[in-house]
Amino acid sequence: MILIAIDHAHGAPRRGAFELVSAARDLGGEIAAVVLGGPDAGPVAAALAAFVPRVIHVDDATLDHASHERRVTALAGVATELGAEAVLLGAGRSGQAVGPRLAWRLDGALLEDVAAVRREGSTLVAERLAYLSRASLTVRAEASPVVVSVKAGAYPAAAPADAPGTVASRAATFTAADDAARLGERRSVARGRVALEEADVVVCGGRGLGDADAFERHVVGLAHDLGAGVASTRAVVDAGWRPYDEQVGQTGKNVAPQLYFALGVSGAVQHLSGMNRSGTVVAINKDGDAPIFKVADYGIVGDVHEVLPALRAALSGLD
Ligand SMILES: Cc1cc2nc3c(=O)[nH]c(=O)nc-3n(C[C@H](O)[C@H](O)[C@H](O)COP(=O)(O)OP(=O)(O)OC[C@H]3O[C@@H](n4cnc5c(N)ncnc54)[C@H](O)[C@@H]3O)c2cc1C
């Protein structure tokens with residue numbers, strides 16, 4: 001049995017959930033999904049049932065705002081009950097926190113931040129990318145169950161299953177140890193902003209924008225026109241123009257949208273490692289030798305301040 005831990009927001013599964021379904025289907029065998037949370041999680045579980053045969057909803061509103069320990073307890077309970085051989089979760093921030101704790105709690109193995117996972121006999125074997133995706137490591141799980149955190153974009157989003165699955169609800173039991181650390185405050189992405197990891201289109205601005213005002217006008221403006229997520233390079237974040245949660249790259253987020261705009265971005269390897277799973281890449285840079293053009297599908301050599309207004313005007317004329 002492969003158990004998928006589903007991340008969700010605003011009453012819907014996050015995009016990565018459907019990528020995990022593909023990973024589980026590739027492994028073969030029985031599949032179940034677990035959804036944690038109060039009223040918002042009900043529709044999530046129902047949506048998941050179109051993709052996997054069995055969905056367990058751990059119905060407890062405290063899990064919406066709980067510390068990682070409560071979530072680990074709830075996940076470990078379901079994994080143990082189902083006798084899961086593996087638990088798949090996303091390798092984002094929550095997966096980074098929950099994965100190691102869950103592997104320890106289950107007395108199992110952890111395959112972390114993997115780009116692919118497969119079976120070799122009864123062993124799960126994963127590929128991990130290293131050195132800015134220039135090398136690949138093969139990692140074997142030597143214990144069971146195996147907690148596997150999967151990189152965003154590593155698998156395509158799954159199509160619905162032929163037949164709908166079932167949803168069952170459970171309560172969770174917690175101990176005082178689960179509340180040894182409490183979540184103080186959670187701030188969500190401002191209303192109207194598209195979450196970067198979820199976005200099908202990402203508009204990224206680099207130092208070539210010149211200053212924070214130009215970034216707001218051009219990059220945020222284009223993102224708004226397209227309903228896209230806003231991303232930044234580290235140079236922009238270090239300059240204080242944009243918040244760290246927009247940084248893409250080795251020391252920021254990994255994104256894998258269908259369309260990625262790189263505007264005034266040089267294309268340093270540390271940046272590329274965070275976006276090189278994007279579908280189509282469009283780059284605008286005034287330097288025709290900028291490394292970003294090596295990964296771009298469409299490149300415009302020109303000044304962003306001239307090209308972008310023309311591009312936005314042209315896009316506004318489209319239906
Ligand atoms: C350990 C480590 C980790 C790092 N992690 C990250 C990371 O996570 N993410 C990240 O992004 N970087 C990271 N970096 C930094 C990275 O090496 C680069 O310094 C950074 O990505 C450069 O950002 P940039 O492209 O915005 O700026 P620059 O390198 O300054 O490039 C600006 C680009 O804009 C172009 N330009 C200038 N003016 C215009 C204009 N008017 N119109 C069009 N184009 C213009 C220039 O030709 C240039 O190519 C890391 C570095 C290290 C050492």
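The exercises below work through a predicted model of one protein with a ligand.

Residues are numbered from 1 along each chain as its sequence is written. Because this is a predicted model, local features need pLDDT of at least 70 and side-chain atom pairs count only at pLDDT 80 or more, while totals for chains, interfaces and linings use all residues.

**Exercise 1. Overall form**

Task: State the secondary structure content of the protein, and judge its radius of gyration against the globule rule.

Solution. Helices (H or I, at least four residues) and strands (E, at least two) are DSSP runs, numbered from the N terminus. The protein has 9 helices and 17 strands on this basis. The radius of gyration is taken over C-alpha atoms, and the globule rule is 2.2 Å times the number of residues to the power 0.38. For 319 residues a compact globule would have a value near 20 Å; the protein has 21 Å, which agrees. Along the principal axes, the C-alpha atoms fill a box of roughly 60 × 40 × 40 Å.

Two residues are in contact if their C-beta atoms, placed from the backbone, lie within 7 Å. Of the contacts between residues at least 6 apart in sequence, 65% join residues at least 24 apart.

**Exercise 2. The sheet of 7 strands**

Task: Give the strand order of the open sheet of 7 strands, and explain why one side of E7 and of E12 has no neighbour in the sheet.

Solution. Two strands pair if DSSP finds at least two bridges between them. The order is E7-E11-E6-E1-E4-E5-E12, with parallel pairing. Strand E7 (109-114) and strand E12 (166-170) are at the edges; each has a single partner strand, so one side of each is left without a neighbour in the sheet. From one strand to the next the twist averages 20 degrees. The angles here run from 0 to 180 degrees between N-to-C directions, and axes are lines fitted to C-alpha atoms, for helices over the stretch in contact.

Next, take one pair. Strand E1 (residues 2-6) is joined to strand E6 (residues 86-90) by 3 bridges in the parallel sense, and Ile4 is opposite Leu88 in E6. Helix H2 (residues 41-48) packs on the sheet, where it touches E1, E4, strand E5 (54-58) and E12. The direction of H2 makes about 165 degrees with that of E4. Helix H1 (residues 15-27) lies across E1, strand E4 (31-36), E6 and strand E11 (146-150), and runs at about 175 degrees to E1.

**Exercise 3. The sheet of 5 strands**

Task: Find the edge strands of the open sheet of 5 strands, then list the strands touched by H5 and by H9.

Solution. The order is E14-E13-E15-E16-E17, and the pairing is parallel. The edges are held by strand E14 (229-232) and strand E17 (298-301), each with a single partner strand. Neighbouring strands are turned by 15 degrees against each other on average, direction ignored.

Strand E13 (residues 201-205) runs parallel to strand E15 (residues 259-263), to which 5 bridges join it; Val202 is opposite Tyr260 in E15. Helix H5 (residues 212-226) touches E13, E14 and E15, and its direction makes about 175 degrees with that of E13. H9 touches E15, E16 and E17, and its direction makes about 135 degrees with that of E16.

**Exercise 4. The ligand shell**

Task: Describe the residues that surround the ligand, and name the element that gives the most to the shell.

Solution. A residue is near the ligand if its C-beta atom, placed from the backbone, lies within 6 Å of it. The ligand is surrounded by 28 residues, the closest being Gly206, Gly208, Arg234, Gly249 and Ser266. Two or more residues come from each of helix H6 (234-238), helix H7 (269-272), strand E16 (280-285) and helix H9 (304-316). H6 gives the most, with 3 residues.

**Exercise 5. Two residues with positive phi**

Task: Are His10 and Asp113 buried or exposed?

Solution. A residue is buried if 20 or more other C-beta atoms, placed from the backbone, lie within 10 Å of its own, exposed if 12 or fewer, and partly exposed in between.

- His10, in the loop between strand E2 (8-9) and strand E3 (12-13), has phi near 50 degrees. His10 is exposed, because it has 10 other C-beta atoms within 10 Å.
- Asp113, in strand E7, has a positive phi of about 55 degrees. Asp113 counts as buried, because it has 20 C-beta neighbours inside 10 Å.
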